[in-house]
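Dear colleague,

I am passing on the structure we spoke about, and you will find it just below. Please keep it open while you read the notes that follow.

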Amino acid sequence: MEKNREALPIDSQVLTFLKDAILFVHKDGTIIDGNQAAYSILDLDQLDGLSQSIYEYLDFDVLLDSSEAHLLLELQKRKGKLLEVKSLQLQNDIYCLLLQDFSVQDKADDIKRYINKLSNSIIEGIVLYGETDIIDCDDTCAEMFGYTRDEMKNMALSKLIDPRSYERFADFEHLSNEQVIELRGVRKDGSLFHIEMVEYPYTDKGSVVRVACIKDITERVENETRIEYMAYYDELTDLPNRNFFHKVLNEAVLQAQETEEFAVYFLDLDYFKEINDTLGYDFGDALLKACAKRLKSFQQVDTFIARMGGDEFLILQRNTTKETAVILAEQLIKEFEKPFKIADYEIYTTVSIGISVYPENGNSAQDLIKHADSAMYVIKGKQQNYYNIFESSISENFKAMLTMESEMRKALKLGHFELHYQPQKNLLKNEVVGVEALLRWNHPERGTIGPTEFIPLAEKTGLIIDIGDWVLVEACRQNKEWQNKGYRALTVSVNLSAKQFYQRKLVEKVEQILKDTRLDPQYLELEITESMAMSNEEEILKTLHGLRDLGVQVSIDDFGTGYSSFKYLSMFPISKLKIDKMFLNECQKENKAIVKSIIHMSHSLNMKVIAEGVETTEQFNFLANERCDEMQGFYLSKPLPPSELLPFFEY
Ligand code: C2E
Ligand code: MG
Ligand code: MG
């Protein structure tokens with residue numbers, strides 16, 4: 001191999017112009033050429049330098065190990081003098097070395113930065129180029145772009161760079177030494193990847209040769225993007241997460257014009273936990289995704305939708321007022337009333353919404369979210385599938401609910417719950433055949449509290465499971481006690497809430513209670529609602545069959561207020577429909593028609609019908625005429641404590 005300078009890509013003249021220290025060395029160590037800058041770094045006389053061996057100055061072996069290297073070396077002849085050396089194998093045996101005196105840059109931080117960078121240097125490619133075209137590059141660089149080294153030569157450098165990542169590249173000519181820029185590289189096949197480029201200019205303006213180190217940073221950029229994504233997005237639903245929402249909401253608050261108003265919606269799915277517990281997390285996840293998809297359809301320029309976590313979602317709507325905020329809330333509620341189709345199931349999960357409005361309900365992201373949350377909590381405690389706008393009284397209300405929650409726990413321990421029983425009469429036999437157990441709370445200060453006041457809250461907090469267990473045991477125990485006393489055997493109906501009904505081991509639990517109380521299963525009836533029965537065929541069917549196999553009866557309460565499908569009803573082992581009391585309202589003529597058709601339909605499906613809320617003789621006669629099987633209501637009796645019920649065993 002030639003060791004003379006004819007083999008070099010730059011002529012001696014050019015070299016002398018280069019401000020940076022550059023040397024050309026043969027693989028065996030012989031210095032072929034170099035410029036003054038390089039010689040003075042090595043403390044070497046220019047003329048003496050030629051044909052000398054670089055080994056005298058540097059541990060050059062290390063540099064020859066690969067086609068390119070980037071190292072920090074100590075000058076052999078002077079202890080403590082550090083040189084930064086970049087080497088590029090130009091032709092088979094010729095290396096171009098770029099030297100930089102490091103010891104003069106005595107700033108510790110700088111040195112650290114260099115060492116860090118050097119340790120990463122292995123994956124760096126080096127490219128040598130003129131004004132526009134590539135003169136040469138190393139194999140790493142060629143491979144990185146999918147070319148051979150020969151193909152790269154004489155190619156325009158700009159061909160390697162995605163022009164869209166180019167804005168900063170426009171300044172490329174003015175890059176100061178070692179300025180790192182991030183660009184997108186273009187491979188031979190047209191694919192893009194992320195690169196980091198550091199240019200080491202050799203001359204002043206009008207330079208002929210430049211060297212750039214190029215690093216493939218795709219993995220790092222992707223990781224960063226991923227980390228950023230994880231910091232701001234929810235992985236499951238692809239919606240922005242609560243952090244992102246917080247940030248956007250804070251910005252909205254900061255940028256809000258004087259008269260601007262906007263709304264924050266806090267959405268919470270109804271019955272999500274039950275569905276998740278019954279059908280498993282995969283199913284729950286699929287439902288959340290489906291919900292997110294539905295929410296995304298509400299995405300507009302002035303809405304920002306995020307997942308708060310769990311089954312909670314957040315929406316920011318700009319340009320809206322307290323008055324107009326309800327429009328979106330109503331649309332959302334309607335949208336969520338439609339069933340979700342997941343893995344062949346039709347799932348019903350409605351949504352409860354709390355709303356806070358800026359600036360009236362808070363002037364920080366934190367307050368607005370907190371207030372929307374408490375508005376949601378309060379409405380959910382009263383009625384699911386509804387919305388509620390925050391009012392300052394809600395804070396009070398919210399506190400009151402928290403108090404109530406702890407009081408309910410206490411009540412359960414202290415025995416402050418009580419069951420009242422409302423008789424149910426069979427119209428054909430004209431005798432009382434059953435009683436419905438209705439829960440009462442004897443509050444030490446507030447007196448008797450009805451179930452509509454505390455059951456929704458117990459549902460929300462999950463306390464309903466413990467309360468419901470108590471009700472079941474007590475109703476069965478009481479019924480058995482009556483029978484033991486020799487009264488005519490009646491059926492006791494117990495209301496189940498959704499959470500209770502969706503318990504995995506409900507059937508086993510009921511079986512155990514019947515065993516413990518020694519009540520014959522035929523004298524227990526469980527009341528569920530339409531929406532509970534309609535949410536998932538397979539699991540529900542399993543539970544319903546399990547109960548029927550025990551010998552327990554199941555009825556559908558408040559029938560007509562939900563979304564029953566007769567197809568489902570006919571499939572389910574249901575023994576009775578309870579027509580909701582609202583249909584007995586005589587003011588509406590069509591109600592009579594509805595009651596008639598419910599009675600006829602139930603009979604054709606071999607189900608009994610009971611009408612609840614019967615208050616007048618007229619209603620009673622109408623029902624008897626239509627062959628309704630049973631009735632319950634103030635007409636016969638209000639719900640009574642057990643001690644007052646005895647006369648009804650006579651009828
Ligand atoms: P529900 O199961 O539909 O019970 C019937 C409700 O209607 C009872 O209200 C009863 O007092 C009332 N009612 C009875 N006859 C008449 C009438 O002629 N006219 C009118 N206007 N109302 C009548 P209550 O006791 O306040 O119970 C309300 C709801 O609370 C029940 O509705 C039931 O869904 C729930 N509930 C009651 N006890 C329990 C329980 O132990 N567990 C669960 N999960 N829910 C319960
Ligand atoms: Mg009931
Ligand atoms: Mg009812």
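The magnesium ion (ligand 2) and the magnesium ion (ligand 3) are placed 4.0 Å apart in this predicted model, and D557 coordinates both of them.

Taking the magnesium ion (ligand 2) on its own, its protein donors are E436 (OE), N495 (OD1), E527 (OE) and D557 (OD), which lie 2.0 to 2.2 Å from the ion. Along the sequence these donor residues follow the spacing E-x58-N-x31-E-x29-D. N495 belongs to strand β21 (residues 491-495) and D557 to strand β23, so this pair ties together parts of the protein that are 62 residues apart in sequence.

Turning to the magnesium ion (ligand 3), the protein donors are D557 (OD), D558 (OD) and E612, the last of which is listed with OE twice, and they lie 2.0 to 2.5 Å from the ion. The spacing of the donor residues here is D-D-x53-E. Because D557 sits in strand β23 (residues 553-559) while E612 sits in strand β25 (residues 608-612), this pair ties together parts that are 55 residues apart in sequence.

Are the donor residues D557 and E612 buried or exposed? D557 has a relative accessible area of 8% and E612 has one of 7%; because buried means under 20%, D557 counts as buried, and E612 is likewise buried. N495, by contrast, is partly exposed, with a relative accessible area of 26%.

With best wishes

Terms used:
Residues are numbered from 1 along each chain as its sequence is written. Chains are lettered from A and ligands numbered from 1 in the order in which they are written. This is a predicted model: local features need pLDDT of at least 70, side-chain atom pairs count only at pLDDT 80 or more; totals for chains, interfaces and linings use all residues. Side-chain values use heavy atoms; hydrogens and water are left out. Donors are N, O and S atoms within 2.8 Å of the metal (3.2 Å for Na, K and Ca); water is not among the atoms, so sites may look incomplete. Helices (H or I, at least four residues) and strands (E, at least two) are DSSP runs, numbered from the N terminus. Buried means under 20% relative accessible area, exposed over 50%, partly exposed in between (1.4 Å probe, protein chains only).
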